[in-house]
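Here is a short walk through the side-chain contacts of one protein chain. Take a look at the model first, and then let us go through it together.

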Amino acid sequence: MSQSTTPSFATARSEIETATIRAISWRLIPFLVLAYFFSYLDRVNLGFAALTMNAELKFTPLIFSWGAGIFFIGYFLFEVPSNLALERFGASRWIARIMVTWGIISACMAAVSGEWSFYILRFLLGVAEAGFFPGIILYLTYWYPAEYRARFLAAFAIAVPVSTVIGAPISGLLLGLDGTMGLKGWQWLFIIEGVPSILLGFVAWFYLTDRPEHATWLSAEQKAWLSARLTAETAAKEAVQSLTLRQALAAPKVITLSLIYFGFVGALYGMQFWLPQIVKAFGLSNAQTGFVTAIPYLFGTIAMILWARHSDARRERVFHVGAPLLLTAVALGLSSMSTDPVLTMVMLTIAAIGVFCTFAVFWTLPTAWLSGMAAAGAIALINSIGNLAGFGGPFLVGWVKDATGDASKGLLVLAVLPLLGGLLVFLSGQESKIEFAAAERTK
């Protein structure tokens, strides 16, 4: 009798698991991807606005670099408090607040008239957006067990390359609205791309569910399965090491992960803010620049999804984070030495593949051994310290361009950041035994 009931129980459990993960994914991922798409677009559309804005407002490469980078100072200062507020007040309310305020400030970028208004609005945009990305990383840990986490973090993070694949051509075309209703093309770009974030913020208030136990769209059986799995994972982590918020923020592992992420972010934003100007220097129009800039991100999108699935399937994290960072460093270095536009784009495409393969899998490293308020604070700290490279990366490229007249030469200096990050990944190791312990016990 027992032999006949065991297979049916295993089948039922498998069906519950599959149905639960599918329901969660269809409910949350499309909306979060759309929200992050506009978040990232509002953050980096500055790179396209610069194609005409810099000349009209007489911004030097260093002024542009400071404005691009000062966003991350505000972001750094308010990141941890914002993520702790999300843990306390709930995702729906806090994410809605973040989206509405960043959308308003992004649209207000159309009012920039000089150096100081540029700096102030970019700083305020960083303050407004602080907590969104780490908040979503934390939020997804409420819904997904460890063995699903990399692939769905990748599904969420797909908004980053897609924001360029879709946003770059759109941004290039919006610059063509120059003179419409008395506004410059770059002003229309900020207004049109800022409004959707405000609207989505209001939707988030009513659409997002704070915790699985509040999900009326899950059955009681699905809630029970998810609760049991996530509780088991938390218990496995705390059995090995239970940290307070203060201990987590001071933990050497958290500091190491912050430095690794610093290397990643420096490469990401150094490319993101300067790539349109590098491509434009090939002699292309604004619209052509938009389409060509999208190419590396298209390949990066595909690679990121496949790489995250491979990491989950192999239950391995270190190689899947470290190797792409080293690939990025090599590709950036080689791209800076090329004078041929085609070869330069090939190398930058490889660099983008490395960057985005790193992206989603990286965030499984802290969530492998942290939970609760400790996870909320540590994820925010890692993201805030790492995003300081969003100031340093673009500034390095701008500094080199100011000195040499060639932004592509700055990519060689930029390559040092992912190189150091990749080496730190291999030196620091991972916590895969803790991460997948609960999954092993429930199989």
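We can begin at the surface. At 37% relative accessibility, Ile-295 counts as partly exposed. Its place is in helix 13, which covers residues 286–314. Ile-295 belongs to a nonpolar surface patch that also contains Leu-298, Phe-299, Ile-302 and Leu-306. Together these residues offer about 480 Å² of accessible area. Please keep in mind that this is a predicted model.

**Salt bridges**

How many salt bridges does a search of the whole structure find? The search finds six. Three of them are set out here, with the separation of the closest N and O atoms or the N to O distance.

| Basic residue | Acidic residue | N to O distance |
|---|---|---|
| Arg-315 | Glu-147 | 3.5 Å |
| Arg-149 | Glu-233 | 3.2 Å |
| Arg-151 | Asp-312 | 3.0 Å |

Take the bridge between Arg-315 and Glu-147, with its closest N and O atoms 3.5 Å apart. This pair links distant parts of the chain, the two residues being 168 residues apart. Arg-315 is in the loop between helix 13 and helix 14 (318–337), while Glu-147 is in helix 7 (residues 146–157). Arg-315 is partly exposed, with a relative accessible area of 24%, whereas Glu-147 counts as buried at 10%. Both residues also take part in a network of salt bridges, in which they are linked with Glu-17 and Arg-229.

Next comes Arg-149, which forms a salt bridge with Glu-233. Here, too, distant parts of the chain are linked: Arg-149 is in helix 7 and Glu-233 in helix 10 (residues 220–240), 84 residues apart. Are these two residues buried or exposed? Arg-149 is buried, and so is Glu-233.

In the third bridge, the side chains of Arg-151 and Asp-312 meet at 3.0 Å, N to O. With Arg-151 in helix 7 and Asp-312 in helix 13, this pair links parts of the chain that are 161 residues apart. Arg-151 is partly exposed at a relative accessible area of 25%, while Asp-312 is buried at 3%.

**Aromatic rings**

How many aromatic pairs does the structure hold? There are 28 of them. In one, the rings of Phe-71 and Phe-72 have centres 4.8 Å apart and planes at 75°, so the pair is edge-to-face. Phe-71 counts as buried at 0% relative accessibility, and Phe-72 is buried with a relative accessible area of 0%.

Phe-72 also pairs with Tyr-75: the ring centres are 6.4 Å apart and the planes stand at 70°, so this pair is edge-to-face. Why are Phe-72 and Tyr-75 separated by about one helical turn? They are three residues apart in helix 3 (residues 61–89), which means a separation of about one helical turn. Tyr-75 counts as buried, with 1% relative accessibility.

Ring pairs also build a cluster elsewhere in the sequence numbering. The cluster links Tyr-36, Trp-102, Phe-132, Phe-133, Phe-156, Tyr-261, Phe-264, Phe-359, Phe-362 and Trp-363.

Arginines meet aromatic rings as well. Arg-97 lies over the face of Trp-94, at 4.6 Å from the ring centre. The charged end of Arg-211 sits over the ring of Tyr-142, 3.7 Å from its centre.

**Backbone and cysteines**

Most residues other than glycine have a negative phi. Lys-58 has a positive phi, near 60°. Lys-58 has its place in the loop between helix 2 (46–57) and helix 3, and at 71% relative accessibility it counts as exposed. Arg-315, which we met in its salt bridge with Glu-147, also has a positive phi, near 50°.

Finally, how many disulfides does a search of the whole structure find? The search finds zero. As for individual cysteines, Cys-108 is partly exposed, with a relative accessible area of 37%. Cys-357 is buried, and its relative accessible area is 7%.

Technical notes
Residues are numbered from 1 along each chain as its sequence is written. This is a predicted model: local features need pLDDT of at least 70, side-chain atom pairs count only at pLDDT 80 or more; totals for chains, interfaces and linings use all residues. Side-chain values use heavy atoms; hydrogens and water are left out. A disulfide is a pair of cysteine sulfur atoms within 2.5 Å. Buried means under 20% relative accessible area, exposed over 50%, partly exposed in between (1.4 Å probe, protein chains only). Patches are made of residues with over 30% relative accessible area and no salt bridge: like charges are joined within 9 Å, nonpolar side chains (Val, Leu, Ile, Met, Phe, Trp, Tyr) within 5 Å. Accessible areas come from the Shrake-Rupley method with a 1.4 Å probe; for residues, only the protein chains shown count as cover. A salt bridge is a side-chain nitrogen of Lys or Arg within 4 Å of a carboxyl oxygen of Asp or Glu. Helices (H or I, at least four residues) and strands (E, at least two) are DSSP runs, numbered from the N terminus. Rings of Phe, Tyr and Trp (its six-membered ring) pair if their centres lie within 6.5 Å; planes under 30 degrees apart count as stacked, over 60 as edge-to-face and the rest as tilted. A charge sits over a ring if NZ of Lys or CZ of Arg is within 6 Å of the ring centre and within 35 degrees of the ring normal.
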